[in-house]
Amino acid sequence: MRAARLIKMVLLLQSRPSMTAGELARELEVSERTVARDVLSLSEAGVPVYADRGRSGGYRLIGGYRTRLTGLGRSEAEALFLSGVPSALREMGLADVASAARLKVSAALLPELRDAASGAAQRFHLDAPRWYHDPETPELLPVLADAVWDDRRLTVRYLRRDREVVRELEPYGLVLKAGVWYVAARSAPERPAALPADGAGERSGFRVYRVDRFTAAAPTVPPEEVRSGPPGADPARAGRFVRDPAFDLPAFWAERAAQFRRSLLREEVVVRLSPRGVRQLPYVTEPAAAREAVERATAAGGPDAHGWLTVTLAVESEEVAYGQLLGLGPEGEVCAPPALRERFVAAARRAAALYAPSEAGAADSR
């Protein structure tokens, strides 16, 4: 622990002209007294740390000293590719390795380039969660993240509808979508939690699971079994799986996301749209469904003599369609189903009554 802190102190001083004891203490999360002791230890080890006295003083390296301890470890290099998503790194428990990786990169840069990292951070930022939702970090996310990095099998308990199931997962990748974490995994057939865990069948394909629905997760082969495995077994591979080299996480997620969107759209409504309504439709309903509906209607005959286009739109339900299509206002007319049309007729009457001039207002106008 202390050796890692000393290395980090050298890298900090190498990446900046000088740092005060207070700045080092904050970066290293120790007291200023500990910083002073660490500086003394570095000096005794031959690292040329110089202390400038006075109000604007601090610690700095002299003589152009540069450490060679800037090689990136595997976990640091992998985490560096995620360093633009700081909240995701914290939730997966990777903030420390990413910080160390960025520090090593900064220390390896020429002095005139050391502001590159801060310059980029001040120009680009990714905020993953949706508006009006406070993100909650799933308790088991770090466990799943470790398994993803190490290609390690997990035995998990997962809430599926009204029951809990036990599964053995091969977790391939994590996805953060609108503030919600998902894991793409290949698993054995599900079995109720009340049944013994040895009721396995043939392995199924890849599936997507919401991380916040996991109630338990642990390595399938516990560490004590790894240590006491059969003679000649490779402890490094115990409990691990061999990844399918053909698996492509971005492509898999894009395909499953499209399937999920389509699966939600179980009903259809017929809507007559003004030219402005056609432009507004993707903003009030599912965009892909809106585009497909407009393209089909255009190919089938296009707008009528008044310039209005009648489309058949896939929707999640009549209730959802009612809330969405109200956003079109007078730029859309719901034609079918009849029950939904009647709801819009009633809503139009209420709106007309609400905006009708009052008797007092009419008298004033006269």
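## Strand pairing around β9

Two strands are taken to pair if DSSP finds at least two bridges between them. In this predicted model, β9 and β10 meet that criterion in the antiparallel sense, with seven bridges. Within this pairing, E267 stands opposite V315 of β10.

β9 also pairs with strand β11, which covers residues 332–336; this second pairing is likewise antiparallel and has four bridges. Here L273 is the residue that stands opposite G332 of β11.

## Overall composition and confidence

The protein has 366 residues, of which 33% are buried. Its secondary structure amounts to 15 helices and 11 strands. Among contacts with a separation of 6 or more, 63% join residues that are 24 or more positions apart. The exposed surface is about 22800 Å², and 54% of that area is supplied by carbon and sulfur atoms.

The average pLDDT is 78, and 69% of the residues score at least 70. Residues 189–204 have a pLDDT below 50, although this stretch has 31 contacts in the model beyond near neighbours in sequence.

## The largest nonpolar core

In soluble globular proteins, nonpolar side chains tend to be buried together. The largest nonpolar core of this model comprises 21 residues, and V269, V271, L281, V311, L313, L325 and L340 have the most contacts inside it. Two or more residues each are given to this core by β9 (267–273), α12 (287–300), β10 (309–315), α13 (318–325) and α14 (338–355). The greatest contribution is that of α12, with five residues.

Which residues does L340 contact, leaving aside its neighbours within four places in sequence? The partners of L340 are V269, E318, A321, Y322 and V334.

## The second core and its aromatic pairs

A second core, separate from the largest one, contains 19 residues, including V165, A185, Y209 and F214.

The structure holds 11 aromatic pairs. One of them joins Y158 and Y209 in an edge-to-face arrangement, with 5.1 Å centre to centre and 85° between the planes. Y158 belongs to strand β3 (residues 154–160) and Y209 to strand β7 (residues 206–210), so this pair ties together parts that are 51 residues apart in sequence. Because burial requires under 20% relative accessible area, Y158 counts as buried at 5% relative accessibility, and Y209 counts as buried at 2%.

Y209 also forms an aromatic pair with F214; this pair is tilted, with 6.2 Å centre to centre and 45° between the planes. F214 has 8% relative accessibility and therefore counts as buried.

## A further aromatic cluster

Which residues form one aromatic cluster with F206? The cluster unites F206 with Y172, F241, F247 and F252.

Methods
Residues numbered from 1 in each chain as written. Predicted model: local features only at pLDDT ≥ 70, side-chain atom pairs only at ≥ 80, totals over all residues. Heavy atoms only, no water. Core = buried A, V, L, I, M, F, W, Y, C linked by side-chain atoms within 4.5 Å. Buried < 20%, exposed > 50% of the residue type's maximum accessible area, 1.4 Å probe, protein only. Contact = heavy atoms within 4.5 Å. pLDDT = per-residue confidence, 0-100. Areas by Shrake-Rupley, 256 points an atom, 1.4 Å probe, with all protein chains shown as cover. Phe/Tyr/Trp six-rings, centres within 6.5 Å; stacked < 30°, edge-to-face > 60°.
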